[in-house]
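Here are a few short exercises to work through with the viewer open. Have a go at each task before you read its solution.

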Amino acid sequence: MSARGLLHNGDYLKLLTGQTISSIGSAMSSFVFVLLGLAITGSPVQAGLIGTAGALGQTLMSLPGGALADRWNRRRIMIGYSLFGTLLYGSVAVAGWLDVLTLPHLIAVSLLSGAGYVLFVPAEAGALRQIVDPDDISTALAASHGRQNLAALIGAPLGGLLYSIGRVIPVAIDTISYLVMTIMLTTIRHPLPAAKPDGDKHEPMLKAIRSGLTWMFRQPALRTIAVVATILNFAANGTFIVLILSMQQRGVPTPVIGLLETGLGVGGLLGAIAAPKLLSKFSTGKITIASGWITTITFGATAFTTHAAVLIVLPALAIFLLPALNSGLFGYQMLITPDNLQGRAQSAVMFLASSTNPLAPFLGGLLLEGFGSRSALMVFGGLLVIAAVLLTLSRPIRSIPLLSEVSATTAT
């Protein structure tokens, strides 16, 4: 597998280009939305409701979004989401220029955008399988992770710079980025229809959601992935929030604390560059287990040092294998999942993996306040050890081969 085939795939390049531009715009908007909320209300608690609304929208729409992506035309879903984003963020930019922007407006946009995003993601995953040859899936997914890390790396600093010039300028640019993605998506030649249902018509929504969850839980590897990803995401998010708060308590300068996120972006971007080669040489099972232990060791080591430079480097090392891990696992899931279940399988794994994320900051703050940073980090480190052990002991995980050797017959 290599990038050579993808470079000659016009529809894939249009999809990647549009998403990259939009991702950078979205990274800027997500950064300045809280700042806008704080400027309007003067309350960090009220401003925090904006992020909560986005997470709530994603949670509520996640499973229905996968079911809809399996019955609606995927190209139309992606174009519809892009147009919707143009209107949503355009309304914020206009309201800001007219000086009539309110906190409820920002909360509503965040809620609706989060709900739309989890409809877009499974539709995009199904479309990617239709556009890209199976041999190039892992490379395409690695490029997607590289896009996300690049956006995270430059989006917040660029958004902050533009915010200092004009508060709604980053949001206005995000509006344009959604419009650019819309244009790129409309030029894709593949019709990207949803797969035909097994029977004459689609199942009712609730039954369709249940069918997707049932199918996913019947796959031993996917079942383990969903459980372990839930633990890993929870522990990693908790570790990160404890690191930020504890560094703040020790009086570490804010720009230095901000380098934590920069380090994550650099580590993820380098990992995305290395992912295609790693996936061509090592089985996804081996990469998954190695990544689990490297994440555990590096995040766990943060409990035993207070040096800011070391604390910045360790998380960056922790996520270096994450693009290869995600590309391998999501590629495996895409390849073994029947086309008519693509959206539901994707959304089921995403829903379970992120279901406990909102609790991580709360528990992290509680442990930090009650027991100190070292104890808090060791608690989350213990959860990471459990996740790594589960991966190591799982025969279905160990048995996941190279993606080039995976076929739909692998599913049970």
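The exercises below use a predicted model and cover helix packing and aromatic pairs.

**Exercise 1.** Describe how helix 2 and helix 6 pack.

*Solution.* Two packed helices are described by the angle between their axes and the distance between the axes. Start by locating the partners: helix 2 spans residues 10-41 and helix 6 spans residues 137-165. Their axes are 8 Å apart, at an angle of about 35 degrees. Next, look at the handedness: helix 2 passes helix 6 in a right-handed crossing. Finally, sort the contact residues by class, which gives 18 nonpolar, 6 polar and 1 charged.

**Exercise 2.** Classify the ring pair of phenylalanine 33 and tyrosine 89, and place both residues in the fold.

*Solution.* The model has 5 aromatic pairs. In this one, the ring centres are 5.6 Å apart and the planes stand at 50 degrees, so the pair is tilted. Phenylalanine 33 belongs to helix 2 and tyrosine 89 to helix 4 (residues 74-97), so the pair ties together parts that are 56 residues apart in sequence. Both phenylalanine 33 and tyrosine 89 are buried.

**Exercise 3.** Do likewise for tyrosine 81 and tyrosine 178.

*Solution.* Begin with the geometry: 5.9 Å from centre to centre and 70 degrees between the planes, an edge-to-face pair. Then turn to location: tyrosine 81 sits in helix 4 and tyrosine 178 in helix 7 (residues 169-186), so parts 97 residues apart in sequence are tied together. Tyrosine 81 and tyrosine 178 are both buried.

**Exercise 4.** Which residues do ring pairs link into a cluster?

*Solution.* Following the ring pairs gives a cluster of Phe33, Tyr81, Tyr89, Phe120 and Tyr178.

Key
Residues are numbered from 1 along each chain as its sequence is written. This is a predicted model: local features need pLDDT of at least 70, side-chain atom pairs count only at pLDDT 80 or more; totals for chains, interfaces and linings use all residues. Side-chain values use heavy atoms; hydrogens and water are left out. Axes are lines fitted to C-alpha atoms, for helices over the stretch in contact, and angles run from 0 to 180 degrees between N-to-C directions. Helices (H or I, at least four residues) and strands (E, at least two) are DSSP runs, numbered from the N terminus. A crossing is left-handed if the near helix is turned anticlockwise from the far one by less than a right angle, and right-handed if clockwise. Ala, Val, Leu, Ile, Met, Phe, Trp, Tyr, Cys and Pro count as nonpolar, Asp, Glu, Lys and Arg as charged, and the others, Gly among them, as polar. Rings of Phe, Tyr and Trp (its six-membered ring) pair if their centres lie within 6.5 Å; planes under 30 degrees apart count as stacked, over 60 as edge-to-face and the rest as tilted. Buried means under 20% relative accessible area, exposed over 50%, partly exposed in between (1.4 Å probe, protein chains only).
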